[in-house]
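Here is a walk through one protein model, from a hole inside it to its sheets and a few odd backbone spots. Keep the viewer open while you read.

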Amino acid sequence: MASRRNFIKNTSIAGMGLFAVPGFAHNSFSAADKLNVGLIGVGLRGTNHLQNLLLRKDVNVTAICDVDTDRITIAKNHIADAKGKAPKVFGANELDYKNLLALADVDAVIIATPWLWHTRMTVDAMEAGKYAGVEVSASNTLEECWDLVNTHERTGTHMMILENVNYRRDVLAVLNMVKQNIFGEMVHYRCGYQHDLRHVKFNDGKTAYGKGVEFGEKGISESKWRTEHSVKRNADVYPTHGLGPIAVMADVNRGNRFMSMTSHASKGIGLHNYIVREGGEQHPNAKVKFKQGDVITSTIDTANGETIIITHDCNLPRPYSLGFRAQGANGLWEVDGSRIYVEGKSEPHQWDDAQPWLDTYDHPLWKKYGEYALNAGHGGMDFFVLNSFVESAKPNIAPPLDAYDAAAWSAVTPLSELSIANNGEPQDFPDFTRGLWMKRTPYNWMKETY
């Protein structure tokens, strides 16, 4: 954070001017206007959003909400340290967020709460006329997916799914290559969430990512709620980090759409083995039956004829990877191995190191704001997703990742659950655009603003 403040200071001194930094000049806001933002959920993720909001000159954080009083104290201290006005505070009970939504001095809200609250809070925000940004995934059931779309259409209020991986530097560079037809007509994609989360799903009840095998009421942070999904659901419960970037490359909901999906799950032994290793065979949690398979594989067919393979792999020991692959008629990119092959440009049957290609096609956003964004979180992509939210909310226009995207990407969870339960039976995707995908224009992802 300190280096980001220094960057702002240095660019001003160097004569670049404040207009080079987001938040200082806008088409729709005068210099005196600011977006009033409320935060619902100020745990670790919500606090990261708060810290980035506090570095902007075009935002006031006017209200915060969390049922954890310790997190409220931390958030208030961050605001005070940034010389901000003390926010209104909510959190008397689980429904107190509705009182935050009733405030006149809240224009937009960021929702960073446990998954089961995402849709209901986003729906209530749109009903209250508040521009809503919701963390991933946006929904847990098909009914909730439709709730997002129907509420947006009925109220005219916008919501954005805050999928930060869409703004990762290599992802945007490859999107640039796809848009420039470097790989030719696109045929196949792979993606997923392959991340050893055992230290997230379990802890000692004292530190968020400490050792231990507690979860639920005895856990802290994400283990308090996230692990229950592995106990009760055999599904890809976290698809959007991988699928979001691929959906944009494939123009899903804007000239293309998901048609059907099949899913299969391996046996589930990873979480049990972890409990036994760290807590012993006699620990009460060693008796818990986890419904979720350790590796879940889904295949999506699109209207334009591409296939997409999604892998969920979070319960076994492994290095982190989102497993990206984008393959066209003339070549492909694979994130594992950081390699690219383009027919007629690469040596026949030999991979190129991806980095020179990624440098050549570096996205305009990263060229312009990369240094400023670097310390925002998750390698810089947290800056860009928040910037897109703020810049869309100020003029109250549709965001790059809208309600239809939130619904389509999140639908993977309930559809995978149905397919697995029915021995891999294909599941049809709802058309959340009601046919308008054929006419909707793709968002201009190649601009340098947001």
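By class, how many nonpolar, polar and charged residues does the lining of the largest cavity have? The lining has 8 nonpolar, no polar and 4 charged residues, where Ala, Val, Leu, Ile, Met, Phe, Trp, Tyr, Cys and Pro count as nonpolar, Asp, Glu, Lys and Arg as charged, and the others, Gly among them, as polar.

Before going on, a word on the ground rules: this is a predicted model, in which local features need pLDDT of at least 70 and side-chain atom pairs count only at pLDDT 80 or more, while totals for chains, interfaces and linings use all residues. Residues are numbered from 1 along each chain as its sequence is written, and side-chain values use heavy atoms, with hydrogens and water left out.

**The cavities**

Searching the whole structure turns up 6 cavities of 30 Å³ or more. A cavity here is a set of points, on a 1 Å grid over the protein atoms alone, where a 1.4 Å probe fits but cannot get out; lining residues have an atom within 4 Å of a point. Grid points are joined across faces, edges and corners, and the volume is the space filled by probe spheres set on the points. The largest cavity holds about 80 Å³. Among the residues lining the largest cavity are Lys179, Asp251, Arg254 and Asp405, along with Val248, Leu401, Tyr443 and Trp445.

Lys179 also leads us to helix H7, which spans residues 169–179. Of its 11 residues, 9 are buried, meaning under 20% relative accessible area (exposed is over 50%, partly exposed in between; 1.4 Å probe, protein chains only). The buried set includes Asp170 and Asn176 as well as Leu172, Val174 and Met177. Just after H7, Asn181 takes a positive phi of about 65 degrees.

**Two open sheets**

Helices (H or I, at least four residues) and strands (E, at least two) are DSSP runs, numbered from the N terminus. Two strands pair if DSSP finds at least two bridges between them.

One sheet is open and parallel, with 6 strands in the order E3-E2-E1-E4-E5-E6. At its edges sit strand E3 (88–90) and strand E6 (159–161), each pairing on one side only. From one strand to the next, the twist averages 20 degrees, with axes as lines fitted to C-alpha atoms (for helices over the stretch in contact) and angles running from 0 to 180 degrees between N-to-C directions. Within this sheet, E1 (residues 35–40) and E2 (residues 59–65) share 6 bridges in the parallel sense; Leu35 has Val59 in E2 as its bridge partner.

The other sheet is open too, but its pairing is mixed: 9 strands run in the order E14-E13-E12-E11-E7-E10-E9-E8-E15. Its edge strands are E14 (352–353) and E15. Helix H16 (residues 412–421) packs on this sheet, touching E8, E9, E10 (307–313) and E15, and its direction makes about 55 degrees with that of E8. Strand E8 (residues 258–265) pairs antiparallel with E9 (residues 295–302) over 7 bridges, and Ala265 stands opposite Ile296. E8 also pairs antiparallel with E15 (residues 427–428), over 2 bridges, with Met261 opposite Gln427.

**A loop histidine**

His195 sits in the loop between strand E7 (186–194) and helix H8 (198–201). What does His195 contact, leaving aside its neighbours within four places in sequence? The list is Asp313, Cys314, Arg318 and Tyr320, contact being heavy atoms within 4.5 Å. His195 is partly exposed, at 23% relative accessible area. Arg325 is 130 residues away along the chain, and the C-alpha atoms of the two are separated by 17 Å.

**Backbone oddities**

The peptide bond from Val136 to Ser137 is cis, with omega near -15 degrees. Ser137 lies in the loop between strand E5 (131–134) and helix H6 (142–155).

Two non-glycine residues with positive phi are set out here.

| Residue | Phi | Location | Relative accessible area |
|---|---|---|---|
| Ser221 | about 55 degrees | loop between H8 and helix H9 (227–232) | 27%, partly exposed |
| Arg434 | near 55 degrees | segment after E15 | 46%, partly exposed |

Technical notes:
On a 1 Å grid over the protein atoms alone, a cavity is a set of points where a 1.4 Å probe fits but cannot get out, and a pocket is an open set with protein on both sides within 12 Å along at least five of seven lines; lining residues have an atom within 4 Å of a point.
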